[in-house]
Amino acid sequence: MSTTQALPAGLAEIVKDFQDLPERERLQLLLEFSRDLPPLPERFANHPELLEQVLECQSPLFVTVEAEKTDDGDIVRLYFQAPPEAPTTRGFASVLHAGLDGLSAAEILAVPDDMPELLGLTRAVSPLRMRGMSAMLGRIKRKIAGGLRPAA
């Protein structure tokens, strides 16, 4: 299993927040993250075909990834859609958004594939849900590796 040293600073801080909690309180933190998932920008809300479903997730989860040019170089923007009645899925998406949105493609591609396990939730949520979070990260990395479209 990877360590937080292999993670970008923001994501490492989130992982540490989970690890610092007793196991029984980690699920509560995930549910708090679920409330912080930003809504989709209007350009996606009106065009769901621009989002890609992560079929490995038990609940309907959609994601899209874009490149945004900044003065410091290109960064990656992540957008997720998950229903409010799927707080675990929304929480995982929100963790990835908070920890990865705005980073470079190289920084995101360097995130270890087993990062979801570092949250310490493997006994609190089902293996299917853990696979769903791993699939979200994998989908983001595949989209980046395959080339990103510029932000609108």
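Here is a short chat about helix α4 and some salt bridges in a predicted model.

Me: Before we start, what should I know about the model and the numbering?
Reply: It's predicted, so local features need pLDDT of at least 70, side-chain atom pairs count only at pLDDT 80 or more, and totals for chains, interfaces and linings use all residues. Residues are numbered from 1 along each chain as its sequence is written, and side-chain values use heavy atoms, with hydrogens and water left out.

Me: Ok, which residues make up helix α4?
Reply: Residues 87-100. Helices here are DSSP runs of H or I with at least four residues, strands are E runs of at least two, and both are numbered from the N terminus.

Me: Is α4 mostly covered or exposed?
Reply: Mostly covered, as 12 of its 14 residues are buried, meaning under 20% relative accessible area (exposed is over 50%, partly exposed in between; 1.4 Å probe, protein chains only). Phe92 and Leu96 are among them.

Me: What do those buried residues pack against?
Reply: Their partners are α1, α2, β3, α5 and α6, with contact meaning heavy atoms within 4.5 Å.

Me: Switching topic, how many salt bridges are there?
Reply: There are 10, each a side-chain nitrogen of Lys or Arg within 4 Å of a carboxyl oxygen of Asp or Glu.

Me: Which residue does aspartate 101 pair with?
Reply: Arginine 77, at 2.8 Å, N to O. Aspartate 101 sits in the loop between α4 and α5 and arginine 77 in strand β3, so the bridge ties together parts 24 residues apart in sequence.

Me: And which residues form a network?
Reply: Glu52, Glu56, Arg139 and Lys143, joined by salt bridges that share partners.

How values were computed
The expected span of a helix is 1.5 Å times one less than its number of residues.
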